[in-house]
Amino acid sequence: MLFNRIDSIELRGVTKRYGDFVAVDHVDLEVIGGELLILIGPSGSGKTTLLRTINRLVEPDEGEVFINGRNVREFDVVKLRRSIGYVIQQIGLFPHMTVKENIALLMRLEGWDEEEMEKRVEELLDLVALPREFAERYPHHLSGGQQQRVGLARALALNPPLLLMDEPFGALDPILRRQLQEEFARIKAALGRTIVFVTHDIEEAFKLGDRIAIMRDGKLIQVGYPDELVLNPADEFVAKLVNADKKFKHLDTLKARDIMIDVEPYLVEAESVEAVLEWMRENDREFAVLTKNGALVGTVTLSSLLKAGTLEEAIDEPLRLSPDDSLASALSEMKAKGEFMALVVEGERPVGVLLASEVLLRLV
Ligand SMILES: Nc1ncnc2c1ncn2[C@@H]1O[C@H](COP(=O)(O)OP(=O)(O)OP(=O)(O)O)[C@@H](O)[C@H]1O
Ligand SMILES: [Mg+2]
């Protein structure tokens, strides 16, 4: 592996032309280590081309790509590709090889011994929820969804810190696609990789993506967290794509109480920084809602406590909402005040926490 983890991937002014046609047009984009970044946009907007500049299947005409601050052109291209898992819609399994041979291909090239390969293939089959007996089957004896799982297992074989996925579920029927998305969300959480993921499906984007980058005609139009895109679309095109109107309609009929998180696990009655820190350690939290005789005092975070001399200095005055506030007004208020969360109170008593991003994700 050229790198064991990804701190950042930076694309600077990346441009790719085919003759006079500009497939990717001066794209600047940063992928944050550990995130799943979605690339979405219409057919022909340059998503695949842009993705492939990262593993150098496409060499840009202008601009540079950096991984962990190093220009990808400095890397040996074979080593680079083995450090990056690549999953595509057409899967690309070798038909004359068994599932096991397909998955173990790169391990073999890397000179692993039989026993190690055997063990790793079993691990990977477990991970992608395929029965171990499938190891001896040939790809044409598998369904499309099963083949796609094998493709994912193969991409993960060498444990690459970075995965590039180009519409991996695009060819599957809608129900199977949902199932694989669910499974993939689980795998993603378990692995903690950096992933760049191309899709056409905005629901998939909202479901799996940490951030979403929107492309059109080779240009990057906007990149942001789902709530930013819905609340602040760069233009009509983005607004339509993320279906901002429809979401706001939902938001009007729903109230804060419908979607708030229970505040109980975050409630603390304490009088000192030390006491709250002690409670955070015991409960494995970095955020708390302070009360006194059941009434809201304010919120504190681990980092504010560590910086502050006294409890008073650490306390934030959160945005307060009532359970019957509509989500639409709640969200615009949060946005206006630059708050990513708000506390829902009944009188003085905290009853819930509302997170802007959660709200939008649940409404998709
Ligand atoms: N090798 C090539 N030669 C000529 N034109 C190309 C080549 N590769 C891509 N293009 C063109 O560049 C544009 C962008 O292609 P790209 O495959 O990146 O789009 P995309 O966003 O991935 O589309 P889709 O959603 O259909 O997969 C398209 O118009 C395509 O026809
Ligand atoms: Mg494509």
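Q: What are the buried residues of α4, and what makes a residue buried?
A: The buried residues of α4 are V121, L124 and L125. A residue is buried if 20 or more other C-beta atoms lie within 10 Å of its own, exposed if 12 or fewer, and partly exposed in between, with C-beta atoms placed from the backbone. V121, L124 and L125 therefore meet the cut-off of 20 or more. Please keep in mind that this is a predicted model, in which local features need pLDDT of at least 70 and side-chain atom pairs count only at pLDDT 80 or more, while totals for chains, interfaces and linings use all residues. Residues are numbered from 1 along each chain as its sequence is written, and chains are lettered from A and ligands numbered from 1 in the order in which they are written.

Q: How do you know on which side of α4 they lie?
A: The buried residues of α4 cover an arc of only 100 degrees around the axis, so they are on the same side of the helix. The arc is that of the directions from the helix axis to the C-beta atoms. This fits a general pattern: an α-helix has 3.6 residues a turn, so residues three or four places apart point the same way.

Q: What covers the buried residues of α4, and which exposed residues does the face turned away carry?
A: The cover includes α3 (99-109) and α5 (144-156). The face turned away from the buried side carries the exposed residues E115, E116, K119 and D126.

Q: How do you know whether the length of α4 agrees with its 14 residues?
A: Helices are DSSP runs (H or I, at least four residues), as strands are (E, at least two), numbered from the N terminus. The expected span of a helix is 1.5 Å times one less than its number of residues. For the 14 residues of α4 (residues 114-127) that gives 20 Å, and the end C-alpha atoms are 20 Å apart, so the two agree.

Q: Which residues of α15 are buried, and how are they placed around the axis?
A: In helix α15 (residues 327-337), they are L327, A330, L331 and M334. Their arc is only 95 degrees, which puts them on the same side of α15. Exposed residues A336 and K337 sit on the face turned away. Just after α15, G338 takes a positive phi of about 70 degrees.

Q: Why does N68 count as buried, exposed or partly exposed?
A: N68 has 15 C-beta neighbours inside 10 Å, so it counts as partly exposed. N68 lies in the loop between β4 and β5 and has a positive phi of about 50 degrees although it is not a glycine.

Q: What about N159: buried, exposed or partly exposed?
A: N159 has 13 other C-beta atoms within 10 Å, so N159 is partly exposed. N159 is found in the loop between α5 and β7 (162-166), with a positive phi of about 65 degrees although it is not a glycine.

Q: What makes β4 and β5 a pair?
A: Two strands pair if DSSP finds at least two bridges between them. Two bridges join β4 (residues 62-67) to β5, so the pair qualifies, and the strands run antiparallel.

Q: Why do β2 and β5 stand at the edges of their sheet?
A: The open sheet of four strands has the order β2-β1-β4-β5, with antiparallel pairing. β2 (21-32) and β5 (70-71) each have a single partner strand, so one side of each is left without a neighbour in the sheet.

Terms used: Contact = placed C-beta atoms within 7 Å.
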